[in-house]
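Work through the exercises below with the sequence and the coordinates at hand. Each task is followed by a solution in steps.

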Amino acid sequence: MESAVSTSTQVPDEFDRNVPRICGVCGDKATGFHFNAMTCEGCKGFFRRSMKRKASFTCPFNGSCTITKDNRRHCQSCRLKRCLDIGMMKEFILTDEEVQRKKDLIQRRKDEEAQREAQKPRLSEEQRNIIDTLVDAHHKTFDDSYSDFSRFRPPVREGPVTRSASRAASLHSLSDASSDSFSHSPESGDRKMNLSNLLMMYQEQGLSSSPDSKEDEGSGLSMLPHLADLVSYSIQKVIGFAKMIPGFRELTAEDQIALLKSSAIEVIMLRSNQSFSLEDMSWSCGGPDFKYCVNDVTKAGHTLELLEPLVKFQVSLKKLNLHEEEHVLLMGICLLSPDRPGVQDHVRVEALQDRLSEVLQAYILAHHPGGRLLYAKMIQKLADLRSLNEEHSKQYRSLSFQPEHSMQLTPLVLEVFGGQVT
Ligand SMILES: [Zn+2]
Ligand SMILES: [Zn+2]
């Protein structure tokens, strides 16, 4: 009997490498290492039988037969000699008992594996559908090519702002204000969807090049128009994403607005992690014009009090190496937080959030090896986002109180983040 159990399983690595798969005895196709040499099944069996029988053969010819696939049965003596010559060893042959033990071991491993497989948590079909929906929603609202960024008012990065440069910048944004295509998009016309602005801008202190000159104060934030457009754009995308979260649209309009208003900046911070790079600690959204470092964001009025923890947040989030499924679930969970100000139907929002949390936990268990602590770490990120949100609001407020800055914002930003313009 040709047992499936042989020493061949002991050296799979060598077999996997580029060892020619030719029987060292007869030249037939080899099946692996058997008793210490690469051989075919025929020569493997021949060697084992010969050793077990302690057979002694005599060559009918002159003792130097060349063994081939076709003639290997003609001279057992030379075939066995060839076996020994290429290194086959009887010590490698297992006793029947050993064979049985090995078979048992293999069977036990198979059983254990099957058991593990059976116990492996599985996502229900409903959970699977929720994930598919969210991933799809994200793909529809996050454009990897960032091709829309060229439609924003252009980024202006000169250092200390000169009077003429700042004037040029503000002139540019003024002339653009009337033709800004996305601030007049259908969505921004919709009152509830009109939450416009981005994540890092606003705040007067520290950056103005000429603090003594009232006249120039408003033009010091050279990146504000561009980043305001970027935030405004991102808010629209977050709204689009939210609308596709199962159950979101069944909430009252008031609750939808309340959720969006308070979570938009957090979701923007979350989604921006996709473009964040650990190599240079910046957000890369296409060409060099659309690569944003901390310094760029300070030129939109934000201070390090926001930017330092924000970058830290981006780094730690990046290091979680979330699967896309986890990333989109986290955004959904963030959006559906029942404790946001203004939310009326807590119970319903909480039920929606709980469902997403369960999906996330189930997903991690089933699909994220080594993700034992991942869920807890992700929830911690939501707490970090709350304080980033708070700091952002503070900085936004002080920026938006200055008409020369708030006039650079879009209606959607003003609506979502609050603030009155006149
Ligand atoms: Zn052979
Ligand atoms: Zn011979």
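**Exercise 1. Crossing of α5 and α14**

Task: Find the angle at which the axes of α5 and α14 cross, classify the crossing, and list the residues in contact.

Solution. In this predicted model, the axes of α5 and α14 cross at roughly 100° and come within 10 Å. Angles of 65 to 115 degrees count as roughly perpendicular, so α5 is roughly perpendicular to α14. On the α5 side the contact is made by Gln127, Ile130 and Ile131, and on the α14 side by Val359, Ala362 and Tyr363. Sorted by type, these residues of the contact are five nonpolar, one polar and no charged.

**Exercise 2. Packing of α5 against α13**

Task: Repeat the analysis for α5 (residues 125–141) and α13 (residues 324–335).

Solution. The two helices pack at an angle of about 85°, and their axes are 9 Å apart. This angle makes α5 roughly perpendicular to α13. Helix α5 contributes Ile131, Leu134, Val135 and His138 to the contact, while α13 contributes Glu324, Glu325, Val328, Leu329 and Gly332. The contact of α5 with α13 divides into five nonpolar, two polar and two charged residues. Ile131 appears in this list and also among the α5 residues that touch α14. The spacing of such residues can be read against a general rule: an α-helix has 3.6 residues a turn, so residues three or four places apart point the same way.

**Exercise 3. The bend in α10**

Task: Where does helix α10 bend, and by how much? How many of its residues are buried?

Solution. Helix α10 spans residues 253–271 and bends at Ser263 by about 50°. Of the 19 residues in α10, 16 are buried, so the helix is mostly covered. For the whole protein chain, buried residues make up 38% of 422 residues.

**Exercise 4. The three-stranded sheet**

Task: Give the strand order of the sheet that contains β3, β4 and β5, and identify its edges.

Solution. The sheet is open, its order is β3-β4-β5, and the pairing is antiparallel. Strands β3 (276–277) and β5 (291–292) each have a single partner strand, so each of them has one side without a neighbour in the sheet, and they stand at the edges. β3 pairs with β4 (residues 282–284) over two bridges. In one of the pairs, Phe276 has Trp283 of β4 as its bridge partner.

**Exercise 5. Two residues with positive phi**

Task: Phe35 and Lys54 both have a positive phi without being glycine. Is each one buried or exposed?

Solution. Phi of Phe35 is near 55°, and Phe35 sits in the loop between β1 (32–34) and β2 (37–39). Phe35 has 22 other C-beta atoms within 10 Å, and 20 or more count as buried, so Phe35 is buried. Phi of Lys54 is near 50°, and its place is in the loop between α2 (41–53) and α3 (76–85). Lys54 has 7 other C-beta atoms within 10 Å, and 12 or fewer count as exposed, so Lys54 is exposed.

**Exercise 6. Arg372**

Task: Locate Arg372 and state how far its C-alpha atom is from that of Gln361.

Solution. Arg372 lies in the loop between α14 (346–367) and α15 (374–400). With 10 other C-beta atoms within 10 Å, Arg372 is exposed. Gln361 is 11 residues away along the chain, and the two C-alpha atoms are separated by 9.6 Å.

How values were computed
Residues numbered from 1 in each chain as written. Chains lettered and ligands numbered in written order. Predicted model: local features only at pLDDT ≥ 70, side-chain atom pairs only at ≥ 80, totals over all residues. Bend = angle between axes of the 7 residues up to and from the residue. Helix = DSSP H or I, 4+ residues; strand = E, 2+ residues; numbered from the N terminus. Axes fitted to C-alpha atoms, helices over the stretch in contact; angles between N-to-C directions. Parallel < 35°, antiparallel > 145°, perpendicular 65-115°, else oblique. Contact = placed C-beta atoms within 7 Å. Nonpolar A, V, L, I, M, F, W, Y, C, P; charged D, E, K, R; others polar. Pairing = 2+ DSSP bridges.
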